[in-house]
Amino acid sequence: MDQLTNNWLHALSNLVPGGTRAVVFLKTADKNQYGLSARWPDNLEDYEELSAVAKDTVTDGKPILLSNKVAGEETGEPCDIISCPIIVNNQVFGAVVLE
């Protein structure tokens, strides 16, 4: 994982009250491919849903807000997922997703 991106995501995530998990996907050397660059918390293993939202954000090139999603079967509490594209030189370079 990229340390600078990881540090940035940790700082951002700690500013969001009630945040439970977050990921950053950035463009890789492979054409039109994106890979996980950072995750929060560090031990986050289940980020499939966040990955799917990141993919949609990269494809559409615009923010996505999913309101009142059910946060896991054990709690049943609603949560929001917010995803924003990362734009560099007017090109989508990746996405950041927070829950």
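## The nonpolar cores

Which residues make up the largest nonpolar core? In this predicted model, the largest nonpolar core consists of twelve residues, namely V23, F25, L44, L50, V53, A54, V58, I64, I81, V92, A95 and V97. The elements that each give two or more residues to this core are strand β1 (22–27), helix α2 (48–60) and strand β5, and the largest share, four residues, comes from α2. A second core, separate from this one, has eight residues, among them L9, V24, A38 and V96.

L50 belongs to the largest core, and its surroundings can be followed in some detail. When neighbours within four places in sequence are left aside, L50 is in contact with R21, A22, V23, I81, V97 and E99. Two of these contacts, R21 and E99, appear again in the salt bridges described below.

## A network of salt bridges

The count of salt bridges comes to two. In one of them, E49 is joined to R21, with the closest N and O atoms 3.3 Å apart; this pair links distant parts of the chain, since E49 lies in helix α2 and R21 in the loop between α1 (3–15) and β1, 28 residues apart. E49 is partly exposed, at 30% relative accessibility, whereas R21, at 12%, counts as buried.

In the other, the side chains of E99 and R21 meet with an N to O distance of 2.9 Å. This pair also links distant parts of the chain, with E99 in the segment after β5 and R21 in the loop between α1 and β1, 78 residues apart, and both of these residues are buried. R21, E49 and E99 are thus linked in a network of salt bridges.

## The β4–β5 hairpin

Strand β4, covering residues 78–88, pairs with strand β5, covering residues 91–98, in the antiparallel sense over seven bridges. Within this pairing, I87 stands opposite V92 in β5, and V92 is also one of the residues of the largest nonpolar core. The two strands form a hairpin with two residues between them, and N89, which lies in the turn, has a positive phi of about 50°.

## Cysteines without a disulfide

Why does a search of the whole structure find zero disulfides? The sulfur of C79 is 16 Å from the closest cysteine sulfur, which is in C84, and this is too far for a bond, because a disulfide requires the two sulfur atoms to be within 2.5 Å. As for their surroundings, C79 counts as buried at 13% relative accessibility, while C84 is partly exposed, with a relative accessible area of 31%.

How values were computed. Residues numbered from 1 in each chain as written. Predicted model: local features only at pLDDT ≥ 70, side-chain atom pairs only at ≥ 80, totals over all residues. Heavy atoms only, no water. Pairing = 2+ DSSP bridges. Buried < 20%, exposed > 50% of the residue type's maximum accessible area, 1.4 Å probe, protein only. Core = buried A, V, L, I, M, F, W, Y, C linked by side-chain atoms within 4.5 Å. Contact = heavy atoms within 4.5 Å. Salt bridge = Lys/Arg side-chain N within 4 Å of Asp/Glu carboxyl O.
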